[in-house]
Amino acid sequence: MTTSLTFSRQIPVRAEVAVFVAGGGPAGTAAAIAAARAGASVFLAENEICFGGMGTAGGLPMICCFSDEVNFLAGGVGREIHDRMVERGGALAHPLKKASDLYIQPETLKLVYDELVTAENRVTPSLATRIIGVECADGVVSHVICQGKSGIFAVRCAAVVDATGDGDISAWAGAPFKKGDHRGRMQPGTLVSMWAGIDWPKAEAAGHGLWHQSGGIAQAIAAGVFSQPDPGMPGIMPTGRTTGNGNAGHIFGVDGTDERSLTQAAIFGRRQIQEYGRYFREYLTGYEGIELCGSAARLGIRETRRITGDYELTFKDYLAQAVFADEIGRYCYPVDVHACTLAHATGTAPPEPEAEKFDFHNMRLKPGESYGIPYRILTPRKLKNVLTAGRCVSGERAVLGSLRVMAGCFITGQAAGVAAAMAASAGTDVHALPVRDLQRQLNALGAYLPNLPGAILVPRPARTASPAPA
């Protein structure tokens, strides 16, 4: 059996654009929209048949921390998404929900992304499109290779935004990266599930409502309900009067950059969902009639590659509420690092080094507090025309436990899109971009840059959402 194969063919160059955006999740859509508004032609490639990543294909019905409860941090594209969700009735109010968060209806969010992307005539969207390679020489990516149902094709570009979540473009082009903890272990994944038949008022009255669905978990584990005795995350979040999506259960050991690992994780996740169904019905009040409607089309992955940039954002920066001269935004979500192994999740193994000890409930900033996001975490080393956005930006895994969530992705995606448009227009290396010009353009789009001289600051809106499920 041979261990390698040389595969060569001529493929068409389907388009030539200023900016190629790889990935249509929250970071990628924000990047594409911002780049187009900065005057660039954009090709936006997304593997799923919808934009939005975890908030849509992944089924996660919550966008965390648009604001620090005083200032609206995800200004610009993020704010447009926030406001459209509210206006369309796709945002649900809940008595326990902070004003900074949105509980959402994923189907409505799909429409909002569609509207925003297709409204930009400089953006060519391409769904059901998998990115399979790059052509790179001397640190410059000239072509991105894609595969669709029509076959393999290339897109020529002047600049690239890597919003793949896993840093695929950057890694394939030769940028250095880090992955997981000190042993290379990564946080567990979760397969989101969709449920109907929930009596939300009854559940709330019994103390089994939102964020209080672990009341019977110890008894269920003792009774053998779960094949994996994990006490973490039995959480369903409301999407309607009797419906909810469950960000429930951990899938340990998954590597989101390996299709073999993803295959095993998806199969395990579907089996795990059935076990949670039994738990909800038999151990919680208000869920007696719960029915499984489906599971997400996309596995939830919390961590893979962190592409090494000109600066690595640190946990100390988070704690110090750091201010940077090249700030492209600020953020505030708590440090959310899930234990890598079942033994550490259950406390049956000795504590690991610092990265395993973060307490989500304590590692959080106060209202009005935030940390700066420097432009330099978006610029991969060894690459001249590539920027990262979203979950794969440069930072310690602890602080990426904060910045990786959707509203944080809006901030880094928007900045990467404008920077890519500027670099493509001027023929400038992304590492030498005039940052003050970038900051001014971002501020004009609505980005929150309080440390920029002359910045226009927009307050957090007084928001009304659809009524709580009743």
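**A three-stranded sheet and residue N385**

Student: What is the strand order in the open sheet of three strands?

Tutor: This is a predicted model. In it, three strands form an open sheet with antiparallel pairing. Strands of a sheet pair through backbone hydrogen bonds. The order here is β3-β5-β4.

Student: Which are the edge strands?

Tutor: An edge strand pairs on one side only. Two strands fit that: β3 (62-63) and β4 (91-92).

Student: Which residue in β5 stands opposite I63?

Tutor: β3 pairs with strand β5 (residues 102-104) in the antiparallel sense. Two bridges join β3 and β5. Opposite I63 stands L102.

Student: At about what angle does helix α2 run to β5?

Tutor: Helix α2 covers residues 77-87. It lies across β4 and β5. Its angle to β5 is about 60°.

Student: Now N385. Where does N385 lie?

Tutor: Look at two strands, β17 (371-374) and β18 (386-388). N385 sits between β17 and β18, in the loop.

Student: Is N385 buried or exposed?

Tutor: Buried means under 20% relative accessible area. N385 has 6% relative accessibility, so N385 counts as buried.

Student: Which residues offer a backbone oxygen to the side chain of N385?

Tutor: Leave out residues up to four places away in sequence, and N385 touches G139, V140, V141, A158, A159, V160 and V430. A polar side-chain atom of N385 lies 2.8 Å from the backbone oxygen of V141. The side chain of N385 also reaches a backbone oxygen at 3.1 Å, that of A158. The names are V141 and A158.

Notes. Residues numbered from 1 in each chain as written. Predicted model: local features only at pLDDT ≥ 70, side-chain atom pairs only at ≥ 80, totals over all residues. Heavy atoms only, no water. Helix = DSSP H or I, 4+ residues; strand = E, 2+ residues; numbered from the N terminus. Buried < 20%, exposed > 50% of the residue type's maximum accessible area, 1.4 Å probe, protein only. Polar contact = N/O pair within 3.5 Å; in protein donor to acceptor, adjacent residues only side chain to side chain. Contact = heavy atoms within 4.5 Å. Pairing = 2+ DSSP bridges. Axes fitted to C-alpha atoms, helices over the stretch in contact; angles between N-to-C directions.
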